[in-house]
Amino acid sequence: MSAEPRLVEVRKNVLKQNDVIARALRERFRQAGVLVVSLVSSPGSGKTAFLEKTLTLLQPRYRVAALVGDLATENDAARLARSHAPVKQIITGTVCHLEAAMVQNAVDGWDLKHLDFLFIENVGNLVCPSSYDLGEDLRFVLLSVTEGEDKPLKYPTIFNSADVAVITKSDLAAAVEFDEAAARRNVQAVRPGMDVFKLSAKSGEGMDKYLEFLERRAMRPALFRHDLSQDGARAPESLVDASQREGSAQKTTSRA
Amino acid sequence: MHELSIAMSIVDMAQQEAERRGGVQVHAVHLRLGLLSGVVKEALLSSYEMACHATPLEGSQLLIEEIPVEVFCPKCGVARLVRSIQWFCCPECATPTPTVIRGKELEVVALEIQE
């Protein structure tokens, strides 16, 4: 006769494998001094246009590159290649989100020290990407004016997991009677203190403010580089707020 | 829909643990699931059944403990449960707070096994 069933404690994070790779990537990015920004949004909210404009505007002064996730096509990479920045497509097949291992494979062989900014465009999806840390410093969630002001309330998890909200297609705001105050209120409800930028990649409106923000943030990896060259030690914990996605909530407070 | 791949990871984990313990039979997997984990309970439960199919875990149960979202209220100085994940603020004093203490869990905490 076998014994009665018994309960044994295990305690294992289901996404541990992803988190371990993401942490290693984050450390690698930090040591190389590259600021890594990921973009999430629903399909069609303008991630690729926003990224193309960002790459084009940063390109004259910085070394930039992008990874683009897509279920099946290489169309986005082709569009982004017009910016003349190095772009690599990650075709996810049936997977509805990027995982840290896909990013790791994509940057395999890249000398990240030669980059100032690396952008990672996730698959258009406001649900699945929220669970997966990619090792990024900042996660941007995009919301186009044509989608409606209540997107943050409908997808609070992904908005809460992001660091910055970007309202895109501002050139269409009047045509669709976009209520900007309501949109900002909804963002703040699900993620108090989150930075919000409203812009149009098409007209260029609002791009300057957002680029200034990016450049300011890019100064921080430079600090890490300095710290590392001093004594080879890790940067002090107080400076690595952006490297701990578990503590993402605290990031905002420390940045404010 | 990423619940299936997550369910498959859970089954893999439980299977490895069962093998490590000398090939014990797993009756149930206990999981803590935060409301902010990005994983939907119902979708995970049905995916789990599929993921168990033709594995030693076939017929086992996934028992989910849902973890509510707890935030730190800087004004009250204590942890509080939010009333809704559409409103990250202290339920007592309404102070907005982004500091999440609990609610992102996605972890296997225990197995019910039979030697």
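This report describes the two chains of a predicted model, taking chain B first, then chain A, and then the contact between them.

**Chain B**

Chain B holds two helices and six strands, and along the sequence these elements follow the pattern α-β-α-β-β-β-β-β. The radius of gyration of chain B is 17 Å, well over the 13 Å that the globule rule gives for 115 residues, so chain B is more spread out than a compact globule. The C-alpha trace of chain B spans about 50 × 30 × 15 Å along its principal axes. Of the 115 residues in chain B, 40% are buried, and among the contacts between residues at least 6 apart in sequence, 70% join residues that are at least 24 apart.

Helix H1 of chain B, residues 3-20, has 18 residues and reaches 26 Å from its first C-alpha to its last, close to the 26 Å expected at 1.5 Å a residue. Its buried residues are Glu3(B), Ile6(B), Ala7(B), Ser9(B), Ile10(B), Val11(B), Met13(B) and Ala14(B). What do the buried residues of H1(B) pack against? They pack against strand E1 (25-34), H2 and E6 of chain B, together with E1 of chain A, and the partners of this helix therefore come from both chains. After H1(B) comes Gly22(B), whose phi is positive, near 90°.

Further along chain B, strand E3 (residues 70-73) and strand E4 (residues 78-81) pair in the antiparallel sense over four bridges. One of the residue pairs in this arrangement joins Glu70(B) to its bridge partner Leu81(B) in E4(B). The hairpin of E3(B) and E4(B) has four residues between the strands, and in this hairpin Gly77(B) takes a positive phi near 75°.

**Chain A**

Chain A contains nine helices and eight strands. Buried residues make up 45% of its 256 residues, and residues 24 or more positions apart account for 74% of the contacts in chain A with a separation of 6 or more.

Helix H1 of chain A covers residues 16-32, and at 1.5 Å a residue its 17 residues should span 24 Å, which agrees with the 24 Å between its end C-alpha atoms. Which residues of H1(A) are buried? They are Ala22(A), Leu25(A), Arg26(A), Phe29(A), Arg30(A) and Ala32(A). These residues cover an arc of only 155° around the axis, which puts them on the same side of H1(A). Just after H1(A), Gly33(A) takes a positive phi of about 75°.

**Residues with positive phi**

The table gathers the residues with positive phi described in this report, with the place of each one.

| Residue | Phi | Place |
|---|---|---|
| Gly33(A) | about 75° | just after H1(A) |
| Gly22(B) | near 90° | following H1(B) |
| Gly77(B) | near 75° | hairpin of E3(B) and E4(B) |
| Arg11(A) | about 55° | strand E1 of chain A |
| Ala54(B) | near 60° | loop between H2 and E2 of chain B |

Two of the entries call for a further comment. Arg11(A) has its positive phi although it is not a glycine, and this residue lies in strand E1 of chain A. Is Arg11(A) buried or exposed? With 9 C-beta neighbours inside 10 Å, Arg11(A) counts as exposed, because the cut-off for that class is 12 or fewer. Ala54(B) is likewise a residue other than glycine with a positive phi, and its place is in the loop between helix H2 (41-52) and strand E2 (61-67) of chain B. Ala54(B), with 6 C-beta neighbours inside 10 Å, counts as exposed.

**The contact between the chains**

In the contact between the two chains, 31 residues of chain B meet 33 residues of chain A. On the side of chain B that touches chain A, the elements that give two or more residues are helix H1 (3-20) and strand E6 (106-114) of chain B. Of these, E6(B) gives the most, with nine residues. The residues on this side of chain B divide into 18 nonpolar, nine polar and four charged.

Which strand of chain A pairs with E6(B)? Strand E1 of chain A, residues 6-13, pairs with E6(B) in the antiparallel sense over six bridges. Within this pairing, Asn13(A) stands opposite Glu107(B) in E6(B). E1 of chain A is also one of the elements against which the buried residues of H1(B) pack.

Notes: Residues are numbered from 1 along each chain as its sequence is written. Chains are lettered from A and ligands numbered from 1 in the order in which they are written. This is a predicted model: local features need pLDDT of at least 70, side-chain atom pairs count only at pLDDT 80 or more; totals for chains, interfaces and linings use all residues. The expected span of a helix is 1.5 Å times one less than its number of residues. A residue is buried if 20 or more other C-beta atoms lie within 10 Å of its own, exposed if 12 or fewer, and partly exposed in between; C-beta atoms are placed from the backbone. The arc is that of the directions from the helix axis to the C-beta atoms. Two residues are in contact if their C-beta atoms, placed from the backbone, lie within 7 Å. Ala, Val, Leu, Ile, Met, Phe, Trp, Tyr, Cys and Pro count as nonpolar, Asp, Glu, Lys and Arg as charged, and the others, Gly among them, as polar. Two strands pair if DSSP finds at least two bridges between them. The radius of gyration is taken over C-alpha atoms; the globule rule is 2.2 Å times the number of residues to the power 0.38.
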